[in-house]
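Visitor: I have a structure to go through. Could you take me round its pocket and its aromatic rings?

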Amino acid sequence: MADWSAQQYLKFEDERTRPARDLLAQVRQKHVRQVVDIGCGPGNSTELLARRWPQAQITGIDTSADMLRQARERLPNHKFIEANISHWSPPDGTDVVFANAIFQWVPDHLLQLKRLASALPEGGVLAVQMPDNLDQPSHALMREVAALEPWRETLANAAGARDLLPAPGVYYDTLQPVCRRLDIWHTIYNHVLDDAAAVVEWVKGTGLRPFVDPLESQERKEFLDIYKARIAEVYRPQPDGRVLYEFRRLFMVLVR
Ligand SMILES: C[S@@+](CC[C@H](N)C(=O)[O-])C[C@H]1O[C@@H](n2cnc3c(N)ncnc32)[C@H](O)[C@@H]1O
């Protein structure tokens, strides 16, 4: 897949950062010295952490060069490291590992969550949020359009970039044995967007990437035209012309 685009991602910065704020609100720890923001992206979530714990050492980790460049510009006094969290472990003394909107992209994320949780010191926190929206129209329609000719074969694996999240009970059974407190909840947001085209702009920065990145420019344009038309049929305007983009997300806060 092509690198992430910080610019595209940040088009909806306020809406995308909302779940990070809601997740952080449930992390109660006051005396925190070392925090790691995994999948820090352009630094929007890292900035929340730095504001919440101004005395702490905050490190951001990401695989994307473009995201890291943006994060370093935004928070020049904090450390950002290029690393894949599948091969990363929290250093000694880590108090909080924060992971907003990353684990849905990580292979075997359940096992990775258990590995990271187990590596935390006693009292350490792992706070996670993942979109749980693959069955919602914005994502179902990506798969529907991907199954059309002429790109059906090229996009045969696109949907596999992300797996459906298991039920909360599966996370509970996996993680409860390695922690002393585990809080799991869902929130459904209804983001107010300008129009149906904004839904497409939103997913272009995230979930649509595996579907459009493999296509040549002409095919990509045709794919997007069909996808946009189908999105407009489903995401109908409210009387004021705007569109509500329903978005379900799974949250977990685990204390080791
Ligand atoms: C949707 S963005 C989330 C950005 C930010 N945390 C936020 O709250 O908005 C997901 C980020 O995870 C990064 N990412 C995906 N897989 C990763 C991995 N295995 N290791 C580290 N970073 C990864 C991507 O590069 C991207 O910047």
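Guide: What follows is a short round of questions and answers on this predicted model.

Visitor: How much space lies in the largest pocket?
Guide: Its lining comes to 40 residues. Trp4, Gly39, Ala101, Ile102 and Trp105 lie nearest the centre. The space is about 640 Å³.

Visitor: Of the nonpolar, polar and charged residues in that lining, how many are charged?
Guide: Several elements supply at least two lining residues each, among them helix 2 (13–24), helix 8 (196–204) and strand 7 (243–255). Divide the lining by residue class: 19 are nonpolar and 15 polar. The charged ones number 6.

Visitor: Is the aromatic pair of Phe12 and Trp202 stacked, edge-to-face or tilted?
Guide: The whole structure holds 8 aromatic pairs. In the pair of Phe12 and Trp202, the centres lie 5.2 Å apart and the planes meet at 40 degrees. Stacked needs under 30 degrees and edge-to-face over 60, so an angle between these limits counts as tilted. The pair of Phe12 and Trp202 is tilted.

Visitor: How many residues apart are Phe12 and Trp202?
Guide: Phe12 sits in the loop between helix 1 (6–9) and helix 2, while Trp202 belongs to helix 8. Both residues are buried. The pair links distant parts of the chain, 190 residues apart.

Visitor: Which residue puts its charged end over the ring of Phe247?
Guide: Phe247 shares one aromatic cluster with Phe12, Trp202, Tyr235 and Tyr245. Over the ring of Trp202 sits the charged end of Arg16, 4.9 Å from the ring centre. For Phe247 the distance is 4.0 Å, and the residue is Arg249.

Note on methods:
Residues are numbered from 1 along each chain as its sequence is written. This is a predicted model: local features need pLDDT of at least 70, side-chain atom pairs count only at pLDDT 80 or more; totals for chains, interfaces and linings use all residues. Side-chain values use heavy atoms; hydrogens and water are left out. On a 1 Å grid over the protein atoms alone, a cavity is a set of points where a 1.4 Å probe fits but cannot get out, and a pocket is an open set with protein on both sides within 12 Å along at least five of seven lines; lining residues have an atom within 4 Å of a point. Grid points are joined across faces, edges and corners, and a volume is the space filled by probe spheres set on the points. Helices (H or I, at least four residues) and strands (E, at least two) are DSSP runs, numbered from the N terminus. Ala, Val, Leu, Ile, Met, Phe, Trp, Tyr, Cys and Pro count as nonpolar, Asp, Glu, Lys and Arg as charged, and the others, Gly among them, as polar. Rings of Phe, Tyr and Trp (its six-membered ring) pair if their centres lie within 6.5 Å; planes under 30 degrees apart count as stacked, over 60 as edge-to-face and the rest as tilted. Buried means under 20% relative accessible area, exposed over 50%, partly exposed in between (1.4 Å probe, protein chains only). A charge sits over a ring if NZ of Lys or CZ of Arg is within 6 Å of the ring centre and within 35 degrees of the ring normal.
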